[in-house]
Amino acid sequence: MATTTKQVLIAIIGAGGVGKCFLSQLTILAARRPTPKLNLCYISTSKKALFDQDYSAIGIENALQELAASSKAPMLLPQVADYLAAAPSKVVLVDNTSSQDVADAYPLFLSRGISIVTPNKKAFSGSYKLWQDIFTASSTSGAKVYHESSVGAGLPVISTLKDLVETGDEVTKIEGVFSGTMSFLFNSFAPVEGAGGQWSAEVKKAKGLGYTEPDPRDDLNGLDVARKLTILARLAGLPVESPTSFPVQSLIPKELETVASGDEFLEKLPAFDSQMEETKVAAEKQGKVVRFVGSIDVAAKSVKVGLEMFDRSHPIAALKGSDNIISFYTKRYGGNPLIIQGAGAGGEVTAMGVTSDLIKVLSQIV
Ligand SMILES: NC(=O)c1ccc[n+]([C@@H]2O[C@H](COP(=O)([O-])OP(=O)(O)OC[C@H]3O[C@@H](n4cnc5c(N)ncnc54)[C@H](OP(=O)(O)O)[C@@H]3O)[C@@H](O)[C@H]2O)c1
């Protein structure tokens with residue numbers, strides 16, 4: 001079949017919180033940009049799929065309802081790659097899952113000429129080999145891969161770091177609050193104006209408001225922040241082996257690491273409040289507040305994640321709500337870092353990063 005540049009086919013894996021918002025943004029994008037025509041040819045969750053062997057366009061506006069009514073099972077990932085590689089137009093795959101299996105298949109998709117945009121951290125923060133395989137496959141085939149929303153959701157963190165590096169600035173240090181959950185917890189546990197609640201009560205409140213994972217230990221173990229730091233460190237030129245290859249401080253008391261459920265964890269957490277209270281008081285005695293941060297010292301080649309104390313006037317201390325803040329210290333910017341701040345989670349802002357990545361890919365492949 002002859003390849004036409006008048007249309008680009010879009011395939012979507014994952015239709016949860018971010019996937020749904022992406023679909024509504026895609027509807028708007030497709031209407032605003034008549035050329036190339038954006039046609040949806042595949043959409044799936046882990047249980048269902050919607051596609052046609054002849055790549056007929058699926059109506060984007062009704063895709064979710066049609067997917068819910070579909071009796072088709074998703075294809076296996078190698079089959080998805082075969083199907084998309086044989087398409088009559090260029091294809092962009094949108095991975096809106098947090099699946100390691102989908103991430104592991106990126107080198108295959110890219111080597112078959114299929115570009116990828118995604119908020120999924122797994123591919124870029126897993127083994128260094130997977131990272132290398134992804135970018136080797138991309139440069140060999142010419143297929144593009146963008147993942148802005150894998151750090152700081154829609155905040156322009158990755159594109160800014162790439163711009164700094166590619167224009168020849170020297171990034172010396174990156175520091176920030178990379179988790180909306182940790183931001184919310186510490187802004188209410190140790191506010192700059194003093195007081196604040198008991199640690200366990202704040203964790204419970206955060207869970208009630210939907211700010212934590214179903215089991216809050218999945219936030220408190222620091223791994224999510226470590227994954228984001230792995231991505232940024234690699235982009236800054238450090239070949240970090242994995243998110244467990246540098247010091248990551250877990251806020252889960254040792255005794256509660258193995259309790260069976262998130263609910264049992266929350267029930268038993270008050271018995272350990274004194275540990276966090278001591279940290280808070282120690283900071284207060286120095287006129288500071290405690291925050292959970294990640295930092296990359298590029299020259300020293302060191303990456304770490306954990307608790308640090310900050311002066312009350314420091315931008316990290318003054319953060320509000322569940323916002324993220326990321327400071328880039330570079331040779332050009334000197335003593336005053338380039339700072340990016342704002343919502344680092346939420347379906348709409350995360351999908352914005354994915355949609356803007358799609359726009360970048362379209363400008364390069366058409
Ligand atoms: N939500 C945010 O604020 C935010 C912020 C930054 C980054 N992200 C990232 O964005 C991605 C999506 O997050 P989300 O909040 O939308 O998650 P979600 O609501 O849990 O949705 C995930 C979707 O992916 C599907 N899925 C999972 N594994 C799959 C597989 N192997 N094959 C096909 N479909 C699969 C799920 O289908 P089933 O329901 O059938 O399992 C579901 O439709 C994640 O990587 C997340 O880390 C999210």
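How do the residues of the shell around the ligand divide into nonpolar, polar and charged? Keep that one in mind as you look around; the answer comes in the section on the ligand. One thing to know from the start: this is a predicted model.

## Two domains

Let's begin with the overall layout. The chain splits into domain 1, made of 4-152 plus 348-365, and domain 2, which runs over 157-343. Notice that domain 1 comes in two pieces of sequence, 4-152 and 348-365. If you take the C-alpha centre of each domain, the two centres are 30 Å apart.

So where do the domains meet? On one side there are 13 residues of domain 1, and they are in contact with 19 residues of domain 2. Two elements give two or more residues each to the domain 1 side: helix 6 (122-125) and helix 7 (128-141). Sorted by class, that side of domain 1 holds five nonpolar, six polar and two charged residues.

## Around the ligand

Now back to the opening question. The shell around the ligand has eight nonpolar residues, 16 polar ones and three charged ones. In total, 27 residues surround the ligand, and the closest are G14, G16, V18, T45 and S98.

Which helices help build this shell? Helix 1 (17-32), helix 4 (100-104) and helix 15 (347-365) each bring in at least two residues. Helix 1 gives the largest share, with three residues.

## I13, at home in strand 1

Try finding I13, which sits in strand 1 (residues 4-13). Is I13 buried or exposed? I13 counts as buried because it has 24 C-beta neighbours inside 10 Å, and the cut-off for buried is 20 or more.

I13 is also a nice example of how folding brings distant parts of a chain together. In sequence, I13 and N96 are 83 residues apart, but in space their C-alpha atoms are 5.8 Å apart. If you ignore neighbours within four places in sequence, the contacts of I13 are S44, D95, N96, T97 and V102.

## Strands 7, 8 and 9

Next, move along to strand 8 (residues 288-297) and strand 9 (residues 302-311), which run antiparallel and are joined by 10 bridges. You can pick out facing residues by eye: V289 stands opposite F310 in strand 9, and S295 stands opposite K304 in strand 9.

Strand 8 has another partner too. Strand 7 (residues 171-177) pairs with strand 8, again in the antiparallel sense, over four bridges. In this pairing, I174 has I296 of strand 8 as its bridge partner. Seven of the 10 residues of strand 8 are buried, so the rest of the structure largely encloses this strand.

## A well-wrapped helix

Helix 9 (residues 180-189) is worth a look as well. Nine of its 10 residues are buried, so helix 9 is largely enclosed by the rest of the structure. Among those buried residues are M182, F184, L185, F186 and F189, and the list also takes in G180, T181, S183 and N187.

## Backbone oddities

A few spots in the loops deserve a closer look. The peptide bond from T35 to P36 is cis, with omega near -10°. You'll find P36 in the loop between helix 1 and strand 2 (37-44).

Two other residues have a positive phi even though they are not glycines: Y55, at about 65°, and K301, at about 55°. Y55 lies in the loop between strand 3 (49-51) and helix 2 (63-69), and it is buried, because 22 other C-beta atoms lie within 10 Å. K301 is in the loop between strand 8 and strand 9, a hairpin with four residues between the strands. With 13 other C-beta atoms within 10 Å, K301 is partly exposed.

## What the record says

One last stop: the UniProt annotation. The unreviewed entry labels residues 156-359 as "domain: Homoserine dehydrogenase catalytic". Over that stretch, the model is 39% helix and 20% strand. The C-alpha atoms at the two ends of the stretch are 14 Å apart.

Key:
Residues numbered from 1 in each chain as written. Predicted model: local features only at pLDDT ≥ 70, side-chain atom pairs only at ≥ 80, totals over all residues. Domains from an automatic or database assignment. Contact = placed C-beta atoms within 7 Å. Nonpolar A, V, L, I, M, F, W, Y, C, P; charged D, E, K, R; others polar. Near = placed C-beta within 6 Å. UniProt positions renumbered as here; feature names shortened; annotations may be inferred. Pairing = 2+ DSSP bridges. Buried ≥ 20, exposed ≤ 12 C-beta atoms within 10 Å, placed from the backbone.
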